[in-house]
Amino acid sequence: ANVFLALLACLLGAGASSIHYLARPHVFTLLLLAVALWLLDRDRRQPTRAVWLLVPLTAVWTNLHGGFLALPICLSLLTVGTLLEGLLARLRSPELWRRPRRYGALLAASSLATLLNPYGSALHRHIAQYLQSEWIREAVQEFQSPRFRSESSTQFEVLLFAGLISAGSLLLRRQVADALLILFWAHAALVSVRHVPVFVVVSLPLWTAEASLYWKRWAESRPARSVVGILERLARDAAAGFRRTSLWGPACLLLLLLIDWPMNWPRDFPDVKFPLAIIDRHSARLAGSRVFTSDQWADYLIYRFYPRHKVFLDGRSDFYGPTFGRLYLRLAYADPEWRSAFERYGFELVLAPAEWPLTGLLKQDPDWRLLERDHRAVLFEKSHR
């Protein structure tokens with residue numbers, strides 16, 4: 001790829017992926033998916049036995065994060081795509097089936113490798129039930145479609161259009177497998193925001209290479225001294241430099257670290273998302289009480305007060321099941337029977353987002369006393385009368 005286009009793509013990709021940058025095990029999926037796609041791309045250019053490293057890689061991946069399913073999906077698309085490419089090229093039977101058979105066998109072997117986990121096929125059943133759960137899609141924001149109201153979502157939108165345009169170009173050149181990869185993961189990213197980083201990892205190299213092809217053709221048609229011709233020469237020279245190993249990169253990074261030393265490393269969760277100030281001021285009350293709060297803030301209460309504090313429901317929504325999940329949604333949105341549910345579970349405190357409908361009801365209820373509020377959260381305590 002053209003160095004300047006690759007740089008632009010990386011910056012856009014990092015920004016778009018930040019829509020779902022979370023310190024959780026899915027970072028393993030982003031890393032291993034990139035490694036897997038690199039091995040597959042290398043094998044499609046020059047088949048080697050190195051591609052079979054994907055089988056043990058899949059076994060490791062399965063035991064790190066449920067996103068391992070991304071690889072069988074990509075292999076399935078690659079198998080179908082290479083078969084369609086052969087049919088469009090009117091290849092004879094032995095040549096037609098060579099690549100689909102190779103990637104189909106790799107798909108089968110990798111799929112079997114996913115069974116090498118402590119739960120066997122029960123893991124797959126659990127994931128299938130989890131992904132089909134309606135209440136999780138209603139309650140968990142990362143399972144919902146992205147909201148195009150932020151800088152990261154705008155960058156994703158740019159990459160989405162770039163990917164769709166390049167998919168059309170790839171189909172015109174009969175590169176069906178690459179087009180299928182882009183189209184499938186574009187659809188997945190539009191359905192669920194958690195797939196946006198996966199779409200970036202899959203599509204970025206493909207559309208950057210496609211754009212570079214058209215850029216090169218355009219540059220070759222322009223005079224050598226034109227702006228386009230000069231940029232093309234600079235890109236070629238820069239690419240040659242990037243291929244060489246150099247200590248300048250680590251040296252510059254070390255210099256930046258020394259300039260900003262000591263670095264201001266985070267000591268807590270981000271206060272832009274969590275009501276840290278309220279929790280700090282009322283930590284004694286919160287630590288030993290039965291608290292109703294949002295699933296995300298419950299994660300923080302576990303982190304902060306474990307093992308003294310237990311929560312009603314936290315972010316591990318699949319372990320609680322639909323009964324608790326739907327009850328949690330009904331309470332947050334002020335179900336008519338919220339009082340009886342609160343009595344049943346003995347809630348003593350409510351730490352609620354300011355925009356929750358439940359907040360408005362508690363303000364008017366004489367049984368609940370407002371302790372503190374800010375622009376993000378409201379803390380109520382049950383009156384003992």
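**Helices, cysteines and a surface patch**

Helix 10 covers residues 196–220, 25 residues in total. From first C-alpha to last it reaches 35 Å, close to the 36 Å expected at 1.5 Å a residue. The model is a predicted one. Helix 10 carries a kink of about 40° at Ser203. The proline Pro205 follows shortly after that kink.

Now take helix 12, residues 248–259. Its 12 residues should span 16 Å at 1.5 Å a residue. The end C-alpha atoms are 16 Å apart, which agrees. Is helix 12 buried or in the open? Of its 12 residues, the number buried is zero, so helix 12 lies largely in the open.

Turn to the cysteines. A search of the whole structure finds zero disulfides. Cys10 is in none, and its nearest cysteine sulfur, that of Cys252, is 18 Å away. A disulfide needs two cysteine sulfur atoms within 2.5 Å. Cys10 is partly exposed, at 49% relative accessible area. Cys74 has no partner at hand either: its closest cysteine sulfur, in Cys10, is 19 Å away, too far for a bond. Cys74 counts as buried, because its relative accessibility is 2% and the cut-off for buried is under 20%.

Finally, look at the surface. Phe4, Val227, Ile230, Leu231 and Leu234 form a nonpolar patch there. Together they offer about 420 Å² of accessible area. Which helix supplies the largest share of the patch? Helix 11, residues 227–242, contributes four residues. Ile230 lies in helix 11. With 35% relative accessibility, Ile230 counts as partly exposed.

Notes. Residues are numbered from 1 along each chain as its sequence is written. This is a predicted model: local features need pLDDT of at least 70, side-chain atom pairs count only at pLDDT 80 or more; totals for chains, interfaces and linings use all residues. Side-chain values use heavy atoms; hydrogens and water are left out. Helices (H or I, at least four residues) and strands (E, at least two) are DSSP runs, numbered from the N terminus. The expected span of a helix is 1.5 Å times one less than its number of residues. Buried means under 20% relative accessible area, exposed over 50%, partly exposed in between (1.4 Å probe, protein chains only). The bend at a residue is the angle between axes fitted to the seven residues ending there and the seven starting there. Patches are made of residues with over 30% relative accessible area and no salt bridge: like charges are joined within 9 Å, nonpolar side chains (Val, Leu, Ile, Met, Phe, Trp, Tyr) within 5 Å. Accessible areas come from the Shrake-Rupley method with a 1.4 Å probe; for residues, only the protein chains shown count as cover. A salt bridge is a side-chain nitrogen of Lys or Arg within 4 Å of a carboxyl oxygen of Asp or Glu.
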